[in-house]
Amino acid sequence: MTTALITGATAGIGAAFARRLASRGYHLVLAARDTERLWREATELHDRHGVEADVITADLATDAGIAAVEDRLRDPAHPIDLLVNNAGFGNKGRYLEVELADELAMLKVHCEAVLRLTSAATASMRERGRGGVINVASVAAFFPRGTYGASKAWVTQFTQGAAKDLAGQGVRLLALCPGFVRTEFHERAGMGTGNIPSWMWLDADKVVETALRDLARGRSLSIPDPRYKALLGASRLVPQGVLGRVSSTTGRKFGPQ
């Protein structure tokens, strides 16, 4: 039995991972904060694909929430073959406009939870000689973009470094760095999206398919669209001051939708 555990599994990229993996016959463990929504999704995936789908209600901005998922990852009787660290959020406002407590909660979810859950998963996977971890970061990791971009840069660097350290031991790690994806992310953060060009939007299902393909190929970094690969290449030629101004405004129109 092949089992995947997905955090932030009830919407967006996390839900897309759940759908894709269920269609491939994976059994699932879905983790998020909303118990009712988790069970609704688990039931739908079970009925549609005939897979087992368990749930863990966990707020990864808390120690208790992280510990609950760690415990499941360490369960030797029910091993996890693929971990998808997808949970994350954005704060409304720029640096110093956001309450420090909210910034720290973001770092807890994006960095501490990713470190702890990746460590719990890979320790068990290394003992079995197989397994994979996908840590969902963002192309914001490569641009000056405040606390959010800094946290995603940490996820990207950590994942690639851990992938090198575990090379040859049967464990694969991938940092997934999509651009703008049509999910609930911006709405939840209170961010307007009117100034984002239509060509920059990606489909969550296609992002997931590319990530799984790149993981299977043994890559440690996935930028799931040629347009964003070209954008990152061009960014190396743009002066940092110009790049910072563009990055700080694109997709960061705050206020009512």
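Here is a friendly conversation about the sheet and helices of this predicted model.

Colleague: Let's begin with the sheet: in what order do its strands stand?

Modeller: The sheet is open and built from seven strands. Their pairing is parallel. Reading across, the order is S3-S2-S1-S4-S5-S6-S10.

Colleague: Which strands stand at the edges?

Modeller: An edge strand here has a single partner strand, so one side of it is left without a neighbour in the sheet. At one end of the order, S10 pairs with S6 in the parallel sense over two bridges, and Leu221 in S10 is the bridge partner of Ala175. The strands at the edges are S3 (53-57) and S10 (221-222).

Colleague: Now to S5, residues 131-136: how many of its residues are buried?

Modeller: Buried means under 20% relative accessible area. In a regular strand the side chains alternate between the two faces of the sheet. On one side of S5, Gly131, Val133 and Asn135 are buried, and on the other Gly132, Ile134 and Val136 are buried too. The count for S5 is therefore six of six.

Colleague: Which residue of S5 is the bridge partner of Val84?

Modeller: Strand S4 (residues 82-85) runs parallel to S5, and four bridges join them. The partner of Val84 in S5 is Ile134.

Colleague: Through which helix does the chain cross from S4 to S5?

Modeller: The path from S4 to S5 is a β-α-β crossover, and a right-handed one. The helix on that path covers residues 100-128 and is H4.

Colleague: And on the other side of S5, which residue in S6 stands opposite Gly132?

Modeller: S5 pairs with S6 (residues 171-176) in the parallel sense, over six bridges. These two strands also make a right-handed β-α-β unit with helix H5 (residues 146-165). Opposite Gly132 in S6 stands Arg172.

Colleague: Are H4 and H5 roughly parallel or roughly antiparallel?

Modeller: Their axes come within 10 Å and cross at roughly 10°. Angles under 35 degrees count as roughly parallel. H4 and H5 are therefore roughly parallel.

Colleague: How many residues of the contact of H4 with H5 are nonpolar?

Modeller: The contact includes Met106, Leu107 and Val114 of H4, and Trp154, Val155 and Phe158 of H5. Among its other members are Glu103 of H4 and Lys152 of H5. The contact residues divide into four polar, two charged and, to answer you, nonpolar ones numbering nine.

Terms used: Residues numbered from 1 in each chain as written. Predicted model: local features only at pLDDT ≥ 70, side-chain atom pairs only at ≥ 80, totals over all residues. Heavy atoms only, no water. Buried < 20%, exposed > 50% of the residue type's maximum accessible area, 1.4 Å probe, protein only. Pairing = 2+ DSSP bridges. Right-handed = clockwise from strand over helix to strand, strands pointing away. Axes fitted to C-alpha atoms, helices over the stretch in contact; angles between N-to-C directions. Parallel < 35°, antiparallel > 145°, perpendicular 65-115°, else oblique. Contact = heavy atoms within 4.5 Å. Nonpolar A, V, L, I, M, F, W, Y, C, P; charged D, E, K, R; others polar.
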